[in-house]
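Q: I'm new to this structure and would like a close look at one part of it. Could you take the long helix pairing and its surroundings, and walk me through what is there?

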Amino acid sequence: MSKVKYYYDSETQSYKKIERRKGRRTGIVLLSILGSFLAGFLLLVIYLNIPQIETPKEKALKRELQNMELQYGLLNKKMTQIQNVLANIEDRDNNIYRVYFEVNPIPEEQRLAGFGGINRYKDLEGFDNSKLIIETTKRMDILSKQLVVQSKSLDEIAELAKEKESLLSSIPAIQPVKNEDLSRIASGYGWRTDPFTKVRKFHHGMDFTAPRGTPIYATGNGRITRADNRSTGYGNHIRIDHGYGYTSLYAHLYKYNVRVGQRVKRGDIIGYIGSTGRSQAPHLHYEIFKDDRRINPINFYYGHLSPEEFDKVLEKAQQENQSLD
């Protein structure tokens, strides 16, 4: 209960009650509120301008955040370097390796596939460094995808290289008789005079003249499919299946140095020159088949002869003379 105050009125010579004014009370309240607001504002200004005292934990977290930003920056630089190297590998993969092995290049869409549609980085939003973290994570994902695609491509190229190596080793690519052992190249592929009938007919191979017993060499890797004299006119002869549609035939042999089913490599001695079958003198009759069709052997000596030697062989093989079988 508030105290009642009185004052002495000299005119009436009596005490009278002091009445409080309503407006004055409201003014006092407003002044109090204004004073509190001003005091709070001043305290806020002082707080914002005075350096804050950080706790050891806050200092450690601040240093950790700065270090994280630094590491993300370094990581982005390294990814840029890796992307440049990878781009160079991708370019060589498409324009050299795949061209050499005759396969289609990998489209750019395939190298970058799988990054459209849903927002896969939603969980990384809402942080102070969200933009930095999201961009770095996105670059890392794209780089990982490109590395996976390129790794699979190189695995494919490695398999193609093995296949290519096998093909190159199997193609009959050398002369079946060494030049130093030859007496001469008696006849080439094409129209020739038959030594027995003297009629012009097509000669499907090449005749290499050499003394009886001169070594004959396998012209490519393969498997011996025949080593017999059961083919008309060829006498003792050998056939090698090289794979990839290639077969080579060696006829009129004196004797064999292989057996049916045996695997041979280019340069192995498979037999010796003779004059068996329909033959006029010791020589080797040599043929090449591709997909069961006879083709000119002269086109397959690139692995054995120099350009000068090849020119001489070509000149002799093109002479339309008499064959020896």
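A: Let's start with a cut-off: a residue is called buried under 20% relative accessible area, exposed over 50%, and partly exposed in between. Ser169 has a relative accessible area of 24%, so it is partly exposed. Keep in mind that this is a predicted model.

Ser169 sits in helix α4, which covers residues 130-170. Leaving aside neighbours within four places in sequence, Ser169 is in contact with Gly220, Asn221 and Arg266. Arg266 is 97 residues away along the chain, yet the C-alpha atoms of Ser169 and Arg266 are separated by 7.3 Å.

Now step back a little along the helix. Lys164 is in α4 too, and with 22% relative accessibility Lys164 counts as partly exposed. Its contacts, again without the neighbours within four places in sequence, are Tyr100 and Phe101. From Lys164 to Phe101 you would count 63 residues in sequence, while their C-alpha atoms are 7.7 Å apart in space.

Tyr100 brings us to the partner helix, since α2 runs over residues 56-100. How do the two helices sit against each other? Two packed helices are described by the angle between their axes and the distance between the axes. Here the axes of α2 and α4 come within 9 Å and cross at roughly 25 degrees. Angles under 35 degrees count as roughly parallel, so α2 is roughly parallel to α4. The way α2 passes α4 is a left-handed crossing. As for what the contact is made of, its residues divide into 15 nonpolar, 7 polar and 7 charged.

It helps to see this pair against the whole chain. There are 5 helices and 15 strands in it, and 30% of the 325 residues count as buried. Take the contacts between residues at least 6 apart in sequence: 64% of them join residues at least 24 apart. The pairs Lys164 with Phe101, 63 residues apart, and Ser169 with Arg266, 97 residues apart, show you two such separations. The accessible surface of the chain comes to about 21,500 Å², and carbon and sulfur atoms account for 54% of that.

For a contrast with those two partly exposed residues, have a look at the strands. His237 is in strand β9, which spans residues 237-243. Its relative accessibility is 0%, so His237 counts as buried. Setting aside neighbours within four places in sequence, His237 has a list of contacts that includes Arg226, Asp228, Ser231, Leu249, Tyr250 and Tyr256. Tyr254 is 17 residues from His237 along the chain, and the C-alpha atoms of these two are separated by 9.1 Å.

One last stop is the loop between β14 (283-290) and β15 (293-295), where you find Asp291. Asp292 lies in that loop as well. What is notable about the backbone here? Phi of Asp291 is near 55 degrees, a positive value in a residue other than glycine. Asp292 also has a positive phi, of about 70 degrees, although it is not a glycine. With a relative accessible area of 73%, Asp292 is exposed.

So, to retrace the walk: α2 and α4 are roughly parallel, Lys164 and Ser169 sit in α4, His237 is buried in β9, and Asp292 is exposed in the loop between β14 and β15.

Conventions: Residues numbered from 1 in each chain as written. Predicted model: local features only at pLDDT ≥ 70, side-chain atom pairs only at ≥ 80, totals over all residues. Heavy atoms only, no water. Helix = DSSP H or I, 4+ residues; strand = E, 2+ residues; numbered from the N terminus. Buried < 20%, exposed > 50% of the residue type's maximum accessible area, 1.4 Å probe, protein only. Contact = heavy atoms within 4.5 Å. Areas by Shrake-Rupley, 256 points an atom, 1.4 Å probe, with all protein chains shown as cover. Axes fitted to C-alpha atoms, helices over the stretch in contact; angles between N-to-C directions. Parallel < 35°, antiparallel > 145°, perpendicular 65-115°, else oblique. Left-handed = near helix turned anticlockwise from the far one by under 90°. Nonpolar A, V, L, I, M, F, W, Y, C, P; charged D, E, K, R; others polar.
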